[in-house]
Structures are given as C-alpha cells and as structure tokens.
Amino acid sequence: MHGPEEHHHPRIPHASRIERSRVLVVGAGGLGCPASLALAQAGVGHLTLADPDRVDVTNLPRQLWHRAQDVGRNKAESAAAGLMRAFPALTTDVLPERVDADNVEGLFRAHDAVIDATDGVGTKFFLSDVAVLTGVPLVYGGVLRMQGQAMRVEPQGPCLRCLYESPPPPDSVPTCAQAGVLGSLAGLVGSVQALLVLELLAGAARRVPGEATLHVLDGNTLLGRRTRVERAEDCPGCRITSVPTFPEEGPACAR
C-alpha cells in the first residue's frame with residue numbers, strides 16, 4: 001500500500017509486481033473513481049487517468065475524488081489531485097482529453113492493463129477492439145439502473161463483440177438522466193473492475209482458453225452471478241488488424 005513508509009503488503013501475492021505496474025483508467029467518474037482508489041490502495045505504482053469532461057455538481061454524490069470546489073475542473077485533473085492527496089507516493093499521468101483513434105494505440109501499449117470506465121456504449125466496443133489489436137488486457141464495466149457488469153477482455157479470449165455482437169442503436173440506451181445511476185452500485189462495479197485487474201497483475205487470474213467470465217451485479221437483490229462467455233466464431237472484433245474509427249456518440253448511462 002502507498003504511504004510515507006511503504007512496505008510490500010504481506011497478504012498480496014507478487015506485491016512488487018503490482019507496484020511496478022502501469023494501469024490506464026479511461027474515465028474519471030462513477031466507475032473510474034472507485035477503481036482508481038482500489039488500485040492505489042493495493043499498491044499499483046502508476047495510474048494514468050483520461051477524461052475530457054468537467055466536474056458537474058451532479059457528479060459529486062457518486063464520484064468520490066471530486067469536491068465542491070472542483071466543479072468546472074477537468075475530471076482527470078480533479079481525480080488525480082484526489083489520489084495524490086490520499087496516496088502521495090503514487091505516480092499519475094493526466095490526459096484531460098478523450099481517448100480516441102489518434103492516441104489510443106500508444107496509450108494501451110504504454111500500460112499493463114486498461115480499465116474501461118466510460119459512458120458511451122460505442123466507446124466500450126472501440127476500447128475492446130483496441131485491446132484485441134494490442135494484446136493489452138481491458139476490463140469492461142457498465143452500470144444501467146440497478147444492474148452492473150464487468151468482464152476482462154484478454155488475448156485469445158472473447159471480446160465485447162463476442163458477448164453483444166455490436167453496439168445497440170444510439171436511441172435504445174437511456175442516458176444517465178433518463179435511467180438514473182445508483183452511486184453505490186457504480187462504486188461496487190468499479191471496485192470489481194479493479195479486482196479483475198489486480199488478479200491479472202498478480203498472476204492470480206485463472207484463464208480458460210477461449211473463455212471469459214461476465215460478472216453481473218444486481219442492486220435490487222444484492223446478489224451477483226457469473227456467466228461464462230465463449231469466443232464467438234467469425235467475430236469481427238477478434239479479427240481486427242488496425243485501430244477502428246472512433247464512434248461519434250452522446251453519453252449513455254454506463255457510469
């Protein structure tokens with residue numbers, strides 16, 4: 001854990017490997033804030049936070065790094081400042097702009113893992129495609145009303161298109177204002193995303209070739225379930241050979 005006198009956490013396997021790791025968190029909102037907190041607490045040495053949006057007063061109840069005085073500030077900068085207050089030994093990079101087709105490949109290749117904490121459904125498919133292209137593991141996460149999901153996209157395993165085939169039509173997914181977001185559920189999903197990354201970094205992730213596990217969290221019953229996802233035959237996402245076009249979309253209710 002980070003602190004003024006750091007020592008390897010005796011109960012975390014391969015703690016030194018985790019301390020040398022670099023993780024990219026795309027989105028510094030309801031998923032990215034709790035995910036970055038859990039990663040920093042576990043001792044991840046470097047976090048890069050990317051988000052083009054600015055803090056709004058409506059973000060404050062569920063996005064823990066942002067304070068009232070941060071309203072109007074870039075979210076990535078605000079979250080990085082919060083992380084540095086809590087974990088002064090942590091190193092961070094801030095990207096106050098969107099991750100898109102121009103910068104995404106370099107960003108992925110500069111990190112050991114990526115957390116998808118974005119809003120847009122099309123953006124999630126875009127990041128999944130880039131994970132396949134680069135071989136850098138991605139942890140997908142999303143929240144809609146009272147249900148949350150998380151899944152790890154790894155080399156030789158299924159991608160997001162194996163699970164959902166293609167993004168839904170833009171008007172079919174409600175915005176956060178329309179559907180509502182339970183802040184505590186977003187916090188739980190972000191924490192699960194961090195756990196899935198930490199399993200990978202510590203070498204504790206159990207892999208079955210061609211398979212992945214979708215973790216589904218139900219906010220109504222406080223129950224979770226795991227669904228096996230298999231790599232789809234002839235999946236276009238699994239055969240990608242170049243950076244895809246970045247989708248132009250409005251935000252959906254995903255964090």
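The following questions and answers go through a predicted model of one chain.

Student: How many helices and strands does the secondary structure of the chain have?
Tutor: The chain has 255 residues, and buried residues make up 51% of them. Among contacts with a separation of 6 or more, 71% are between residues 24 or more positions apart. The secondary structure comes to eight helices and eight strands.

Student: How many residues of α2 are buried?
Tutor: Helix α2 spans residues 32-42. Its buried residues include Gly32, Cys33, Pro34, Ala35 and Ser36. Ala38, Leu39, Ala40 and Ala42 are buried as well. The helix is mostly covered, and the count of buried residues is nine of 11.

Student: Which elements do the buried residues of α2 pack against?
Tutor: Contact here means heavy atoms within 4.5 Å. Among the partners are the helices α1 (15-19) and α3 (75-86). The strands β1 (22-26), β2 (46-50) and β4 (113-116) are also partners. With α8 added, the list reads α1, β1, β2, α3, β4 and α8.

Student: Are α2 and α8 parallel, perpendicular or oblique to each other?
Tutor: Two packed helices are described by the angle between their axes and the distance between the axes. For α2 and α8 (residues 183-201), the axes come within 7 Å and cross at roughly 40°. Angles under 35 degrees count as roughly parallel, and 65 to 115 as roughly perpendicular. The angle fits neither range, and α2 and α8 are therefore oblique.

Student: Is the crossing of α2 and α8 left-handed or right-handed?
Tutor: The axes of these two helices cross at roughly 40°. The sense of the crossing of α2 and α8 is right-handed.

Student: How many nonpolar, polar and charged residues are in the contact of α2 with α8?
Tutor: On the α2 side, the contact involves Pro34, Ala35, Ala38, Leu39 and Ala42. They meet Ala186, Gly187, Gly190, Ser191, Ala194, Val197 and Leu198 in α8. Gly counts as polar in this classification. By class, the contact has nine nonpolar, three polar and no charged residues.

Student: Which residue follows α2, and what is its phi?
Tutor: Most residues other than glycine have a negative phi. The residue after α2 is a glycine, Gly43, and its phi is positive, near 100°.

Student: Which residue in the loop between β5 and β6 has a positive phi although it is not a glycine?
Tutor: The loop lies between β5 (138-144) and β6 (147-153). The residue is partly exposed, with a relative accessible area of 45%. Its phi is about 55°, and its name is Arg145.

Student: Is Asp234 buried or exposed?
Tutor: Asp234 lies in the segment after β8 (223-230). Its phi is positive, about 60°, although it is not a glycine. Exposed means over 50% relative accessible area. At 60% relative accessibility, Asp234 therefore counts as exposed.

Student: Is Cys235 buried or exposed?
Tutor: Cys235 is found in the segment after β8. It touches Cys159, Arg161 and Cys162, leaving aside residues up to four places away in sequence. Its C-alpha atom is separated by 9.8 Å from that of Leu163, 72 residues apart along the chain. With a relative accessible area of 3%, Cys235 is buried.

Student: Which side chain makes a polar contact with the side chain of Arg161?
Tutor: Arg161 is in helix α6 (residues 160-164). Leaving out residues up to four places away in sequence, Arg161 touches Phe125, Asp129, Ser166, Pro167, Cys235, Pro236 and Gly237. The polar contact has a distance of 2.8 Å, and the partner is Asp129.

Student: How far apart in space are Glu165 and Gly237, C-alpha to C-alpha?
Tutor: Glu165 lies in the loop between α6 and α7 (176-179). At 62% relative accessibility, Glu165 counts as exposed. Beyond residues up to four places away in sequence, Glu165 touches Phe125 and Leu160. Glu165 and Gly237 are 72 residues apart in sequence, and their C-alpha distance is 8.5 Å.

Student: Which side chain does a polar contact join to that of Thr118?
Tutor: Thr118 is placed in the loop between β4 and α5 (121-134). Buried means under 20% relative accessible area, and at 9% Thr118 counts as buried. The polar contact is 2.6 Å, and it joins Thr118 to Asp116.

Definitions and conventions:
Residues numbered from 1 in each chain as written. Predicted model: local features only at pLDDT ≥ 70, side-chain atom pairs only at ≥ 80, totals over all residues. Heavy atoms only, no water. Axes fitted to C-alpha atoms, helices over the stretch in contact; angles between N-to-C directions. Helix = DSSP H or I, 4+ residues; strand = E, 2+ residues; numbered from the N terminus. Parallel < 35°, antiparallel > 145°, perpendicular 65-115°, else oblique. Left-handed = near helix turned anticlockwise from the far one by under 90°. Polar contact = N/O pair within 3.5 Å; in protein donor to acceptor, adjacent residues only side chain to side chain. Buried < 20%, exposed > 50% of the residue type's maximum accessible area, 1.4 Å probe, protein only.
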